[in-house]
Amino acid sequence: MRAAMIDTTGSADGIIYRETVNPVVIPGTVRVQVLASAVNNVDTFVRSGRFRTKLPMPFVVGRDLVGTVVEIGDGVSRFRHGQMVWSNSLGHDGRQGAAAEEALVPADRLYPAPPGVAPQDLVASVHPGVTSWLALHRWARIRSGETVLVHGGGGNVGAAAIVIARDAGATVISTSSAADLGYCRSLGASVALDYRDPDGAGYLMGTWAGRVDVVIDTSGQNDLPTSVALLARRGRIVLLAGAGALPVLPVGQLYMNDASVIGFVISHATVDELSDGAREISRLLAAGTLRPRSVELRPLSSAAQVHRSLEAGELGGRRVVLVPQTSPLIERLDGGRPLTT
């Protein structure tokens, strides 16, 4: 089979599209023919070595895939041959990645595809969706009737957070660029503010100070003085972006309000936590509540270029999905050029 691989961590130039051995099924695993794999920021962190994790070399990059079952290992009874499935936790902690024609997936990290969802939409949604669900439900312990502030609501994780918070019965405030305000409102944000507009910042502090139960900052700015001032009693801030940020934390104001700051990395989520998130995201996808804003299909051979573009900030909010030559989705590519759906 062919795969997008590296021989050592480093720049995107180290990704080589080449022949490699097909995975061999062992007990407790499922061999999957990959229909599509997504490219996430976390994939660039793993590939570059910025996120330290055990990697078998040579290493297939990528975390998320959608595919069909082609072989089932001993001890696995939940799946059937030809079934469409997905996974969002390959490519780290000793597991080979998803950017290949085939992948070996531990059965406890594999989930049935929800009915009626196109493979490219599914694979584009699972990482932002499960990340947001875990951040809100497992770490922030969101409750119906609370108020949630989502910074970066126009991005992939931020948009999913708006949908999931609304689904939980929360009132959502979102910040984004001016161009994304309408999009955030369409997802369910009751209030959408331009993060560059000083009047918006003034409104936020003047109207919502002391009234926000949960702050989710997907933008990576992590303005903790403002976030802490906005928190209600026992409010929670969940940090899940901004690896290089060094914000100032108003410690006294935080602890005297019984508030908390929580760090969250999905790569550390347990199998049970991921399974809970997978079930809920599949429900929202099947209902049409959660969906990607746009999906761009590119051939698997372009993995290095996609990593470079993502790190350079050239993709904006677009989700890029890599399609192996063996996937039926390859027919949707326009002569090998990107195709946005």
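A nonpolar core is taken here as a set of buried Ala, Val, Leu, Ile, Met, Phe, Trp, Tyr and Cys residues joined through side-chain atoms within 4.5 Å. In the structure described here, which is a predicted model, the largest such core comprises 58 residues. Trp86, Leu122, Leu134, Leu136, Val148 and Ile281 have the most contacts inside this core. Helix H2 gives the most to the core, contributing 10 residues. A second core, separate from the largest one, has 17 residues, among them Ala4, Phe59, Ala99 and Ala304.

The surroundings of individual core residues were examined next. Leu134, one of the residues with the most contacts inside the largest core, is in contact with Trp139, Phe264, Ile266, Ala269, Glu273 and Leu274 when its neighbours within four places in sequence are left aside. Leu122 is likewise named among the residues with the most contacts in this core, and Leu122 is also in contact with Ala113. Ala113 itself is placed in the loop between strand S8 (111-112) and H2. Beyond its neighbours within four places in sequence, Ala113 is in contact with Met84, Val85 and Trp86 in addition to Leu122. The C-alpha atom of Ala113 is separated by 9.8 Å from that of Ala278, although the two residues are 165 residues apart along the chain.

Leu290 provides another link between segments distant in sequence: Leu290 and Leu122 are 168 residues apart in sequence, whereas their C-alpha atoms are 9.7 Å apart in space. Leu290 is found in the loop between H8 and strand S15 (295-299). With a relative accessibility of 6%, Leu290 counts as buried. Not counting residues up to four places away in sequence, Leu290 touches Gly129, Ala160, Val163, Ile281, Leu284 and Leu285.

Two of the residues touched by Leu290, Ala160 and Val163, are buried residues of helix H3. Helix H3 (residues 156-167) contains 12 residues and reaches 17 Å from its first C-alpha to its last, close to the 16 Å expected at 1.5 Å a residue. The buried residues of H3 are Gly158, Ala159, Ala160, Ala161, Ile162, Val163, Ile164 and Ala165. In an α-helix, which has 3.6 residues a turn, residues three or four places apart point the same way. The buried residues of H3 pack against helix H2 (119-139), strand S9 (147-151), strand S10 (171-176), helix H4 (181-187) and helix H8 (271-286). Just after H3, Gly169 adopts a positive phi of about 90°.

Polar residues also occur at buried positions. Asp276 is located in helix H8. Because its relative accessible area is 19%, Asp276 is buried, the cut-off being under 20%. The side chain of Asp276 is joined to that of Arg138 by a polar contact of 2.6 Å. Apart from residues up to four places away in sequence, Asp276 touches Trp133 and Arg138. Ser227, which lies in helix H6 (residues 224-230), counts as buried at 4% relative accessibility. Ser227 touches His151, Val215 and Ile237, residues up to four places away in sequence not being counted.

The packing of helix H1 (residues 41-48) against helix H9 (residues 303-311) was also characterised. The two helices pack at an angle of about 105°, and their axes are 10 Å apart. This angle makes H1 roughly perpendicular to H9. On the H1 side the contact is made by Asn41, Asp43, Thr44 and Arg47, and on the H9 side by His307, Leu310 and Glu311.

Several loop residues have notable backbone geometry. Met57 and Pro58 are joined by a cis peptide bond, for which omega is about -5°. Pro58 is found in the loop between H1 and strand S4 (59-60). Positive phi values in residues other than glycine include that of Asp93, near 55°, and that of Asp258, about 55°. Asp93 is found in the loop between strand S6 (84-87) and strand S7 (102-106), whereas Asp258 is placed in the loop between helix H7 (251-255) and strand S14 (260-263). At 43% relative accessibility, Asp93 counts as partly exposed. Asp258 is likewise partly exposed, with a relative accessibility of 43%.

How values were computed:
Residues are numbered from 1 along each chain as its sequence is written. This is a predicted model: local features need pLDDT of at least 70, side-chain atom pairs count only at pLDDT 80 or more; totals for chains, interfaces and linings use all residues. Side-chain values use heavy atoms; hydrogens and water are left out. Helices (H or I, at least four residues) and strands (E, at least two) are DSSP runs, numbered from the N terminus. The expected span of a helix is 1.5 Å times one less than its number of residues. Buried means under 20% relative accessible area, exposed over 50%, partly exposed in between (1.4 Å probe, protein chains only). Contact means heavy atoms within 4.5 Å. A polar contact is a pair of N or O atoms within 3.5 Å; within protein, one must be able to donate a hydrogen and the other to accept it, and residues adjacent in sequence count only if both atoms are side-chain atoms. Axes are lines fitted to C-alpha atoms, for helices over the stretch in contact, and angles run from 0 to 180 degrees between N-to-C directions. Angles under 35 degrees count as roughly parallel, over 145 as roughly antiparallel, 65 to 115 as roughly perpendicular and the rest as oblique.
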